[in-house]
Amino acid sequence: MSDIFSRLNYGFIGTGSLCQAFLQGFLQNNRIPKERIFLSSRTPARLQKTAKRFSVQTVSSNEELVLTSQVIFLCVKPDDLVPAIEPLASQFNPQQTLISFPAGVPLSELKKLLPHVKRLVRVVPNTPMSIGEGLFAYSLVQADSGLESFVETLLSPLGKVLKMPEDNLSAFTVAASSGVAFVLELMQYWNEWLENHHFPAELARKISTHTFLGAALWAKSFPDLSLAQLQLQVASKKGMTAEGLKAFNEAQLDSVLHYGFEKTALREKKLFQD
Ligand SMILES: NC(=O)c1ccc[n+]([C@@H]2O[C@H](COP(=O)([O-])OP(=O)(O)OC[C@H]3O[C@@H](n4cnc5c(N)ncnc54)[C@H](OP(=O)(O)O)[C@@H]3O)[C@@H](O)[C@H]2O)c1
């Protein structure tokens with residue numbers, strides 16, 4: 001990472017799962033020096049525990065964090081957002097960058113709450129960032145090539161970074177952020193199948209993980225072929241795999257998944273209103 005990034009201070013408000021996934025990702029590839037990372041959170045014991053685990057600094061309040069950091073990662077849940085940031089509204093200066101993660105909180109609301117923040121970014125992450133295999137979608141209030149390149153350079157060591165209109169973030173959240181948990185749900189079914197057929201748990205997990213990984217890498221290797229075309233290479237007509245796919249179709253697996261995705265999207269819309 002160029003010098004500018006290692007000369008900035010990075011502050012995290014909220015030290016839950018998301019903050020920890022970031023710390024793991026950033027520190028694993030030495031992108032940000034530990035001494036440049038500051039944390040503040042609501043519950044002191046948990047704050048200290050996280051700081052100790054990653055050997056990074058703590059500050060005593062969110063206000064102190066904003067005074068200390070040039071880049072602020074807002075990692076609280078949507079219903080904790082207003083109490084966390086309202087008292088900070090007047091503390092920001094125009095050079096600071098605020099990266100907001102609370103799901104379902106639009107830029108327009110953030111702008112209202114934090115009128116002094118000029119460099120405001122809304123990001124939807126996904127958890128494999130902790131191993132450098134994440135996926136991020138981000139939106140800005142208005143086009144700003146300097147800020148875009150800053151965000152992309154900062155996050156790209158942790159995964160792919162995609163800029164998109166804010167209207168698309170909700171569908172992205174369902175598919176890519178909640179999507180990781182959905183894929184793990186399917187993988188559990190693979191495990192269960194194997195374990196029910198007397199495979200030891202460790203071997204079942206190895207087989208299911210590698211099946212998903214292999215299928216994903218295979219699809220990635222052939223971007224010009226549709227997923228249905230690739231599927232045909234596995235499922236020859238009237239063969240056993242085709243029989244399984246036909247049964248999924250009869251049982252309306254697509255409707256089941258669609259229902260789950262829609263329910264997730266509805267919940268995302270309500271997160272900030274509840
Ligand atoms: N986890 C992920 O991988 C992931 C992925 C995509 C999106 N997100 C989004 O990221 C946001 C955070 O998720 P999370 O999983 O990290 O939640 P989490 O584990 O519940 O962590 C939230 C953190 O915020 C702290 N907090 C609450 N109010 C605060 C305040 N006033 N000042 C300072 N800290 C405060 C909490 O402190 P306490 O210890 O007192 O609770 C906790 O440490 C959510 O909106 C989620 O939708 C998360």
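**Entry 1: β7 and its neighbours**

I began with strand β7, residues 134-140, and found that strand mostly covered, with five of its seven residues buried. I note here that the model is predicted.

Next I looked up what β7 pairs with. On one side I found β6 (residues 119-124), joined to β7 by four bridges and running antiparallel to it. I checked two residue pairs in this ladder. Val-124 stands opposite Ala-137 of β7, and Val-123 has Tyr-138 as its bridge partner in β7.

I then turned to β8, which pairs with β7 in the parallel sense over five bridges. The connection from β7 to β8 goes through helix α7, residues 145-155, and I recorded this β-α-β crossover as right-handed. For the register I took two pairs: Gly-134 has Gly-159 as its bridge partner in β8, and Phe-136 has Val-161.

**Entry 2: Leu-162**

I picked one residue of β8 for a closer look, and Leu-162 lies in that strand. Is Leu-162 buried, exposed or partly exposed? I counted 14 C-beta neighbours inside 10 Å, so Leu-162 is classed as partly exposed. The cut-offs used are 20 or more for buried and 12 or fewer for exposed, so a count in between gives partly exposed.

Apart from neighbours within four places in sequence, I found Leu-162 in contact with Phe-136 and Ala-137. Both of these numbers fall within the range of β7, residues 134-140. I also took one distance along the chain: Gly-179 is 17 residues from Leu-162, and their C-alpha atoms are separated by 16 Å.

**Entry 3: β6 and β5**

I went back to β6. Why do I call β6 largely enclosed by the rest of the structure? I do so because five of its six residues are buried.

I found that β5, residues 97-100, runs parallel to β6 and is joined to it by four bridges. Within this pair, Leu-98 has Leu-120 of β6 as its bridge partner. I followed the chain between these strands and noted a right-handed β-α-β unit made of β5, helix α6 (residues 107-113) and β6.

**Entry 4: the whole sheet**

I wrote down the strand order of the sheet as β3-β2-β1-β4-β5-β6-β7-β8; the sheet is open, has eight strands and shows mixed pairing. Which strands are at the edges? I found β3 (57-58) and β8 (159-163) there, each pairing on one side only.

Further along the order I checked β1 and β4. Strand β1 (residues 10-13) and strand β4 (residues 71-74) run parallel and are joined by four bridges. Tyr-10 has Val-71 as its bridge partner in β4.

**Entry 5: the core**

I looked up the largest nonpolar core and found 49 residues in it. The residues with the most contacts inside this core are Ile-13, Phe-22, Ile-72, Phe-73, Leu-74 and Cys-75. Helix α2 gives the most to the core, with six residues.

I took Phe-73 as an example. Leaving aside neighbours within four places in sequence, I found Phe-73 in contact with Tyr-10, Gly-11, Phe-12, Cys-19, Phe-22 and Ile-99.

**Entry 6: around the ligand**

I counted 27 residues surrounding the ligand, and the closest are Gly-14, Gly-16, Leu-18, Arg-42 and Ala-103. Which elements give two or more residues to this shell? I found α2 (17-28) and α5 (78-85). Helix α2 thus came up in my notes on the core and again in those on the ligand shell.

By class I noted 13 nonpolar, 10 polar and four charged residues in the shell.

**Entry 7: the chain overall**

I closed with the totals. The chain has 12 helices and eight strands. Of its 274 residues, 26% count as buried. Taken along the principal axes, the box filled by the C-alpha atoms is roughly 65 × 35 × 35 Å. Last, I checked contacts between residues at least 6 apart in sequence, and 66% of these join residues at least 24 apart.

Key. Residues are numbered from 1 along each chain as its sequence is written. This is a predicted model: local features need pLDDT of at least 70, side-chain atom pairs count only at pLDDT 80 or more; totals for chains, interfaces and linings use all residues. A residue is near a molecule or strand if its C-beta atom, placed from the backbone, lies within 6 Å of it. Ala, Val, Leu, Ile, Met, Phe, Trp, Tyr, Cys and Pro count as nonpolar, Asp, Glu, Lys and Arg as charged, and the others, Gly among them, as polar. Two residues are in contact if their C-beta atoms, placed from the backbone, lie within 7 Å. A nonpolar core is a set of buried Ala, Val, Leu, Ile, Met, Phe, Trp, Tyr and Cys residues joined through C-beta atoms within 7 Å. Two strands pair if DSSP finds at least two bridges between them. A crossover is right-handed if, with the strands pointing away from the viewer, the path from the first strand over the helix to the second runs clockwise.
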